[in-house]
Amino acid sequence: MQTLIELRALTKWFGTPHAGGILAVDGVSFKVERGEVLGFLGPNGAGKSTTMKMVTGFLPPSSGQALVCGNDVAVNPLDVKRTIGYLPEGAPAYADMTPEAFLNFCAQVRGLTGEAGRKAIARAVERTNIQGVLRQPVETLSKGFKRRVGLAQAILHEPRVLIMDEPTDGLDPNQKHEVRALIRDMAHEGAAGCGRAVVLSTHILEEVEAVCTRVVLIARGRVVADCTPAEFMSKSRYHNAVTLALVPPPGVMVFDELRRIAGVADVEDLGTSSTPDGTQVRCTVLASRGKAIAPEVSHLIKSKGWQVDLMRVEAGRLDDVFRDLTTANQPQPTKAAPAGAA
Amino acid sequence: MHGFIPILKRELAGYFVTPVAYVFIVIFLVLTGVFTFQLGGFFERNQSDLRPFFDFHPWLYLFLIPAISMRLWAEERKSGTIELLMTLPVSRAGAVAGKFAAAWLFAGVALALTFPVWITVNYLGEPDNGAIFTGYIGSFLMAGGFLAVGACVSAATKSQVIAFIIAVVLCFGFLLAGFTPVTDFLSGWAPPALVDTIAGFSFLTRFDSIAKGVIDLRDLIFFASLIALCLFINAAVLEARKA
């Protein structure tokens, strides 16, 4: 493993502290290794974009450091900018240029001239599949194509570090799928075929499950979680929960029976409905932290001989964790994590 | 100056892929024609020189140059491309100088296309071509001065309209700085050194002497240092107001 990005207590004030200034990013620290796809999560206004702008050298940090491939952005901005491919939010591109002219410009700025430039452009164009629109002004392109032009620009020089601010925001499901496939590919290929570091910000949680190998969640400018998507999900009160739809014999107190199982924290009532076989009861049985309750639940149902219409084990709900962690009163990492899913 | 050449090329091409360049050049040429031959009384004067042509340049530039400079940075801010540009491996100096140089070259192209006036005056008489040449040099330098002031203003705002208006006002100030009513007004209360300093910033006075064929090193240094100063401020404004 090789650390390609390292943030050390990166902080950004807009305006001056103590004089109505806004603390947008508050001591953010994390590392991204080669081959990782880091999902940078957070509610709108949490400081995701500001952090990325500091890492890419667009905004100077108020304090702290951002190191990319060992270079401090504040000290060697040009070296850092050479190693980074960056897709800013909304994929801005010069509206009156054609993608061809635009990519040419980017290649020249990056020192890719002549044959090398032509090859780089051809490769990026093929990867992002924009052959058909190369001669059309960018302003006439659809959102999906505009985004792909932005991506082509970002991967033009085979960067070791790829940073994307909301790469799939506003795209339709097919386009999202394509962009995600592209992101996965790019994370594995890398300049020497040994992977690069990818950071993408998003507030779309399905994206995390789809592409990320690690999650950093920030809220109000602070890191509140830094873990794998699986660990992230396990913070959910629904982690290992079992959702059931049962038709018990009349008069049986199903919830009480379920609550008596060791390791069950609670049972959530999801309502009832009448079926030809009787009254169907739906509920989610929540597990205590770190307990797997599915076997016991299944055992109980079998021994009682209840009719089961549905039984599903939950992995956890991302949006649930997201809400828990980002709306906690104390945004310190330790306190924000729900201690033992209630 | 990383990125100077690609940015210069991109900007220059940018003028010609949109109607901006053609509209600007046509309007500039039509207006110089109207001013020279109608208002300036080119024929009536019966003198083979280009004074009526050059005399109107400051006033034409006053409105036309801010029209070029207003979009330099304001457009980048508005469309968000400034984030793209400043995260590419370009230095701020390269970006500022590249954009300015492209705009100045473009103004130079428009100015060069007035050559039929020069042909006309040579056809009709025997003008002092040396004076005409220095007139062109002076006009080009003055355009650069206006552009640098405008670029500076453009870097501070997202709105091209604001960039235009403020640039016009500032340029108007530079034009009139040496004008008698202004110096009279100032000399009533300001110390003479200040009045002289302000009068020294006058584009009109300096352009006038160059257009007459007098190339004074001080005038050249004035325009060169004004441009350098404005570009320096431009870069500083850019750094301070990125978001």
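Mentor: Buried area is the accessible area (1.4 Å probe) that two parts lose on being put together, summed over both. In this predicted model, local features need pLDDT of at least 70 and side-chain atom pairs count only at pLDDT 80 or more, while totals for chains, interfaces and linings use all residues. Residues are numbered from 1 along each chain as its sequence is written, chains are lettered from A in the order in which they are written, and side-chain values use heavy atoms, leaving out hydrogens and water.

Trainee: So how much area do chain A and chain B bury between them?

Mentor: About 2300 Å², with 69% of it on carbon and sulfur atoms. On the chain A side, Phe58(A), Tyr94(A) and Val109(A) lose the most area to chain B, together 30% of what that side buries.

Trainee: What makes residues of chain A and chain B count as in contact?

Mentor: Contact means heavy atoms within 4.5 Å. By that rule, 23 residues of chain A touch 24 residues of chain B.

Trainee: Why is the meeting of Lys53(A) and Glu83(B) called a salt bridge?

Mentor: The term needs a side-chain nitrogen of Lys or Arg within 4 Å of a carboxyl oxygen of Asp or Glu. Lys53(A) and Glu83(B) are at 3.9 Å, N to O, so the pair qualifies. The rule finds 1 salt bridge across this interface.

Trainee: How do you know that S12(A) and S13(A) pair?

Mentor: Two strands pair if DSSP finds at least two bridges between them. Here 10 bridges join S12(A) to S13(A), therefore they pair, running antiparallel. One bridge partner of this kind is Ala287(A) in S13(A), opposite Val264(A).

Definitions and conventions
Helices (H or I, at least four residues) and strands (E, at least two) are DSSP runs, numbered from the N terminus.
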